[in-house]
Amino acid sequence: MIDKEFAEHFAADWIDSWNQHDLERILLHYTDDFEMSSPRIIVVAGEPSGMLKGKAAIGDYWTKALQLAPNLHFDLVATLVGVNSITLYYNGVRGPSAEVFHFNQDGKVTRAFAHYL
């Protein structure tokens, strides 16, 4: 079970690493084989399924995404805690956004799902 302290620390570090555009730091939150689902993957990476797997593929996608949004900045609105997951609700480049993160026993993200208006 994820506790509030872990969730708040993860949220603060995740938001700050994105706001610093620090891809290496961002990727530290994830397992090497994590899976990501996002409508933006379809547009930016050209992957029709909207899914990518692994740090290499997702790192390439995020590199492109950061280049397309040089003024990217996230403002955290709320951190929602589940059993083995966290949902971050934040305001991003395209407005209100939410990402759901599923964690392993080591506190690393194994799957992430992005949602936008």
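A salt bridge is counted where a side-chain nitrogen of Lys or Arg lies within 4 Å of a carboxyl oxygen of Asp or Glu. The structure is a predicted model, in which local features need pLDDT of at least 70 and side-chain atom pairs count only at pLDDT 80 or more, while totals for chains, interfaces and linings use all residues. Residues are numbered from 1 along each chain as its sequence is written, and side-chain values use heavy atoms, with hydrogens and water left out.

**Exercise 1. Determine which elements the salt bridge of K55 with D32 ties together, and classify the accessibility of both residues.**

Solution.
- Step 1: K55 and D32 form a salt bridge whose closest N and O atoms are 3.6 Å apart.
- Step 2: Helices (H or I, at least four residues) and strands (E, at least two) are DSSP runs, numbered from the N terminus.
- Step 3: K55 belongs to helix α4 (residues 55-68) and D32 to strand β1, so the pair ties together parts 23 residues apart in sequence.
- Step 4: Buried denotes under 20% relative accessible area, exposed over 50%, and partly exposed the range in between (1.4 Å probe, protein chains only).
- Step 5: K55, at 22%, is partly exposed, whereas D32, at 60%, is exposed.

**Exercise 2. Identify the salt-bridge partners of R25 and describe the resulting network.**

Solution.
- Step 1: The structure holds five salt bridges.
- Step 2: One of them joins the side chains of R25 and D13, at 2.8 Å from N to O.
- Step 3: Because R25 lies in helix α2 (residues 23-27) and D13 in helix α1 (residues 4-19), this pair connects parts that are 12 residues apart in sequence.
- Step 4: R25 also forms a salt bridge with D16, the closest N and O atoms being 2.9 Å apart.
- Step 5: D13, D16 and R25 are thus linked in a network of salt bridges.
- Step 6: Relative accessible areas are 21% for R25, 25% for D13 and 31% for D16; R25 is partly exposed, as are D13 and D16.

**Exercise 3. Establish how strand β6 pairs with β1 and with β5.**

Solution.
- Step 1: Two strands pair if DSSP finds at least two bridges between them.
- Step 2: Strands β1 (residues 30-37) and β6 (residues 109-116) run parallel and are joined by four bridges; here Y30 stands opposite V109.
- Step 3: Strand β5 (residues 95-103) pairs with β6 in the antiparallel sense over seven bridges, and F103 has V109 as its bridge partner.
- Step 4: The hairpin of β5 and β6 has five residues between the strands, and G107 takes a positive phi near 80°.
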